Amino acid sequence: AWACAAMTMVAQNAHPEKGVGFFEPEVTMWVYEEDVEDGKLTEAINKTHQNPKYLPGVDLGENVVANPDLVSSVKDADVIIFCAPYQYVRGICKQ
């Protein structure tokens, strides 16, 4: 839920009409792929712009794109924001 809350703030600041104006408008969010009621978690986020498992009912932003592949999520990124439980950070960074 913390990562989704952070993503909401990032998406608002990067939004082309509502944001500060100097970020890329599309924000990629790496999501650990899980099965949810209607399929894959990334598919649900990309379709509804909400995370039905960890922060249901909260709009993440229409400019958020969920991606299950970590390497392609951070490719060519100027800024990377980590929101992960500390016990997983080392493994994530090794990828």
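The overall fold of the chain, its two largest pockets and the surroundings of one helical residue are described here.

The structure is a predicted model, and its protein chain contains four helices and four strands, which succeed one another along the sequence in the pattern α-β-β-β-α-β-α-α. The radius of gyration of the chain is 13 Å, close to the 12 Å that the globule rule gives for 95 residues, so the chain is as compact as a globular protein of that length. Along its principal axes, the C-alpha trace spans about 35 × 30 × 20 Å. Of the 95 residues in the chain, 28% are buried, and the accessible surface amounts to about 6900 Å², with 55% of that area belonging to carbon and sulfur atoms. When contacts between residues at least 6 apart in sequence are considered, 46% are found to join residues at least 24 apart.

The largest pocket holds about 1500 Å³ of space and is lined by 45 residues, of which Met7, Thr28, Met29, Trp30 and Ile81 lie nearest its centre. Two or more lining residues are contributed by each of helix H1 (2–14), strand S1 (27–30), helix H3 (70–74) and helix H4 (86–94), and the greatest contribution is that of H1, with eight residues. By residue class, the lining of this pocket comprises 32 nonpolar, seven polar and six charged residues.

The second largest pocket encloses about 180 Å³ of space, and its lining is formed by Val36, Glu37, Asp38, Gly39, Lys40, Glu43, Ala44, Lys47, Thr48, Gln50, Asn51 and Pro52. Strand S3 (39–40) and helix H2 each supply at least two of these residues, with the largest share, four residues, coming from H2. The lining of the second largest pocket divides into three nonpolar, four polar and five charged residues.

Helix H2, which spans residues 41–48, also contains Thr42. With a relative accessible area of 5%, Thr42 falls under the 20% cut-off and is therefore classed as buried. Apart from its neighbours within four places in sequence, Thr42 is in contact with Val31 and Glu33, as well as with Ala66, Asn67 and Pro68.

Definitions and conventions
Residues numbered from 1 in each chain as written. Predicted model: local features only at pLDDT ≥ 70, side-chain atom pairs only at ≥ 80, totals over all residues. Heavy atoms only, no water. Buried < 20%, exposed > 50% of the residue type's maximum accessible area, 1.4 Å probe, protein only. Contact = heavy atoms within 4.5 Å. 1 Å grid on protein atoms, 1.4 Å probe; cavity = no way out; pocket = protein on both sides within 12 Å on 5 of 7 lines; lining within 4 Å. Points joined across faces, edges and corners; volume = space filled by probe spheres on them. Nonpolar A, V, L, I, M, F, W, Y, C, P; charged D, E, K, R; others polar. Rg over C-alpha atoms; globule rule 2.2 N^0.38 Å. Areas by Shrake-Rupley, 256 points an atom, 1.4 Å probe, with all protein chains shown as cover.
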